[in-house]
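Colleague: Please take a close look at a single part of this model for me. I would like one connected account that a first-year student can follow.

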2 protein chains.
Amino acid sequence: MDIARWKSGDEQAFVFPQSCGRRKGWVKYMKRRVVIIGGGAGGPSTAAEAGRRDPSLAITMIEKGEYISYAACPMPYYIGDVIKDEKKLIARTPEKFREGGVDVRTGVEAENVDLAAQVVTLVGGEALPFDVLVLATGTRPILPGIPGEDREGVFTLKQLPDAVGIKQFIRESRCRTAIIVGAGFIGMEMCEAFREAGVETTVVNRGSMPVPRWDPELGQLVVKSLLDHQIRMMADTTIQAIEKGETCRLRLITDQGKIEADVILLAIGVRPSVGLAGEMGLALGKTGAVAVDFSQKTSHPAVYAVGDCCEAYHRVSRRWVHIPLGDIANKQGRVAGCNIGGFPTIFPGIVGAQAFKLFDLEIAATGLDEREALAAGFHPVSNLVWGDVVPLSVPGTTRLGLKLIADEATGLFLGAQAIGPHGAVSRINTLSAALWSGLSIDEVAYLDLAYSPPFSRAWDLIHIAAQDLMKKMVRRPPR
Amino acid sequence: MDIARWKSGDEQAFVFPQSCGRRKGWVKYMKRRVVIIGGGAGGPSTAAEAGRRDPSLAITMIEKGEYISYAACPMPYYIGDVIKDEKKLIARTPEKFREGGVDVRTGVEAENVDLAAQVVTLVGGEALPFDVLVLATGTRPILPGIPGEDREGVFTLKQLPDAVGIKQFIRESRCRTAIIVGAGFIGMEMCEAFREAGVETTVVNRGSMPVPRWDPELGQLVVKSLLDHQIRMMADTTIQAIEKGETCRLRLITDQGKIEADVILLAIGVRPSVGLAGEMGLALGKTGAVAVDFSQKTSHPAVYAVGDCCEAYHRVSRRWVHIPLGDIANKQGRVAGCNIGGFPTIFPGIVGAQAFKLFDLEIAATGLDEREALAAGFHPVSNLVWGDVVPLSVPGTTRLGLKLIADEATGLFLGAQAIGPHGAVSRINTLSAALWSGLSIDEVAYLDLAYSPPFSRAWDLIHIAAQDLMKKMVRRPPR
């Protein structure tokens, strides 16, 4: 390609010779400036992909913390010491990024953004002009707003420094007891992590069952697993205050009584960090997260948003939702990076696939649960079947519970939940591909899956559940 | 429903009171007569489903052997003595069928069928009139046509009596050495079975690599696994005759020399059993198997065909194919049974999903391989990636090889192959759902899968392979 004809935004990536980037003058003049705010997962993905697609870009990524490009999802395994070193959570170091030409600046915070002038002003006054801005500001933990929630020994778990802090605190303060407030999947993973770290754990839950996304019949396995591993459960409990304890460091006051522990983790959810986006006047979605289109563009043409701070299109409910998960952030970052780097790409959306491990259980779900299906205007019918999934290769009982949900009006397959020692994630992934494609429950009932006796039965549990659900849906008008 | 208005073929299933069926006269007169020829897998599925859907049917199932309703796929595990008792392979006994009102007759063979008169004549002369006929005649093993292939100790493995015969022969004749002719998936499963039974095994293969459906790079793992388990391989070898042996019972003569063994298994493939169908003048497909439609109906409106004797629609090649597998037979049987019982149902086809276990390896594939893709007129491009699939939960190395194939012209995803100690089947099943739905490789590259560190990485190997393949396919015209 003739360099004289090259223009900013050209879809054909222009690869500079290595020596070229160091020359001043016209080369520098042509460079499009990309500023990325946030260095967790989505930001670094954007930076890496944009740089790969268009090495001529001048990319600056700022992060207010000290770590960038880390995987947040394995943090419970770091705290449980399955992963020894926090460095293992880091996908790409700042040095690695700098080698790739990305200017990474940690400990740097954006003060405000002037969209008209296309300049980010940093805390301290420095100005960063941009041609393209990427918001990857993530989420912040929801705090209950009770007295004492800021005491030493009370933690939330969102970013890598939180994980490092919790692990250090448990070790240095020799914590023997912990309270986890919240029984979502992070709370559950942290039960196992604390257990691994030798800490006696109590879960305090506002609702009656942990992980309410899963059917109560499946949830019973979660409860059993917690009890089997000496995790105490306090259900239907509202927290009121955190005080200094008597026998332990801290005391949690609840409407069900007082309970003491050396460390308290608040895991009651997260909110998108949209302060900057709001000030810039960017459109937010109904969920409160930054509204984006399929290219990850916000309402302003020069601004992209990726990861936990923005929404994603849900292919089943056909609404824009806010589901902050690391794999989604990675994908959105790559899509934004491709587009910024001149390769037209869309992020085709999500189906709500999710999994976590709790001791010996695989716990997975995808699509909509019944509440969400109703909210979207569907007519959910569901069933729940139990079966042995690996008849030969694993000795003993390997029961898997699988719940399927479909729309009675159309037969559209809407969602699935699975729990068992083996095969839950695998089946949820297969069903996620089915949801992605908008299959009907009739098609799910006859899906062609790889059958071999060591791995499954001729009728897999997926088929059995779907066939069974089909029968529930035959509501022909009387003749 | 008013019984006086009921007519044969009414879609509304009419449930007779239990006592009713024993009365003579008008009740018997109304019954539609269904005759099913073949009792392996598809026939019993048809019988069970038709009877469930319409208990008023008079169903007769004839089987020339002594066993009905058995699972053929686990037979290697029965021979390897992982499954001790052949009764465990039987899904439903004749007694159970008879309790359900199905007249099961074993040791009975059909001599011919008069389609005009709608009568099956049995060997011995008895006539079975029918309203609906179902062919479930299965396949028969291909014999190489060499001298001595009928010697004692030379076996094929297709039906349950074969498996019982092999197991008995190995035990009673104290076999120490075996030859398996053919290195398809049955040959591979039998390597493991003979090994489990303590028999030294040699595989004689006409081609250079076992299981040619899998890419040679993946096939190397199969070869390594065989060698690691002391299975000898003779590649590029043509068999010529079987003689009486000197040190062992039998001697196999090949173009690569002579080899002796106590038992020889011929596993070189199967052909559909279509003798009866041909005599009846039913249309056969290009594959030589019975041609059927989506309702499992043959070219004659009163005759259905199910299972290994008939074709199935391949959703990727969009051709009718003959892939004799137990899970397909079960599904086709259920579809035929639904239709016969008055519940309109279609068999939506297959995508070629297949798996087998070889010692510690999961070996799975789906869709088309490159040869099949070319034959269907696609423009296959492919890639093969290796990755760790379970970073946390399983100690040690768990490498998985995954090959993806797509059409360069359209981006249509065409097929996949996977081999590894863990996760091959699970990924092939997810990709089977993607093939089922006709997804493009771009969509596969962004599929929403349940991510959690104990089970996968944020970018699963599926994503990595598909993203990589996408890059190979960017062939834009020059500007």
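Modeller: In this predicted model, the C-alpha of Thr430(A) lies 2.0 Å from the rotation axis, the closest approach of any residue of chain A. That axis belongs to a rotation of 180 degrees, which superposes chain A on chain B with 0.0 Å of shift along the axis and an RMSD of 0.0 Å. The two copies are therefore related as by a two-fold rotation axis. Both copies use the same surface, since 100% of the contact residues of chain A recur in chain B.

Now to the sheet of chain A. It is an open sheet of 5 strands, ordered S21-S22-S25-S24-S23, with antiparallel pairing. Strand S21 (354-358) and strand S23 (380-388) of chain A are at the edges with a single partner strand each, so one side of each has no neighbour in the sheet. On average, neighbouring strands are turned by 10 degrees against each other, direction ignored.

Within the sheet, strand S24 (residues 399-407) and strand S25 (residues 413-420) of chain A run antiparallel and are joined by 6 bridges. Lys403(A), for instance, has Gln417(A) in S25(A) as its bridge partner.

Two helices pack on this sheet. Helix H11 (residues 424-436) of chain A touches S21, strand S22 (361-367), S24 and S25 of chain A, and its direction makes about 175 degrees with that of S25(A). Helix H13 (residues 461-472) of chain A touches S23 and S24 of chain A, and its direction makes about 145 degrees with that of S23(A).

Key. Residues are numbered from 1 along each chain as its sequence is written. Chains are lettered from A and ligands numbered from 1 in the order in which they are written. This is a predicted model: local features need pLDDT of at least 70, side-chain atom pairs count only at pLDDT 80 or more; totals for chains, interfaces and linings use all residues. Side-chain values use heavy atoms; hydrogens and water are left out. Copies are superposed by least squares on the C-alpha atoms of residues with pLDDT of at least 70 in both. Contact means heavy atoms within 4.5 Å. Two strands pair if DSSP finds at least two bridges between them. Helices (H or I, at least four residues) and strands (E, at least two) are DSSP runs, numbered from the N terminus. Axes are lines fitted to C-alpha atoms, for helices over the stretch in contact, and angles run from 0 to 180 degrees between N-to-C directions.
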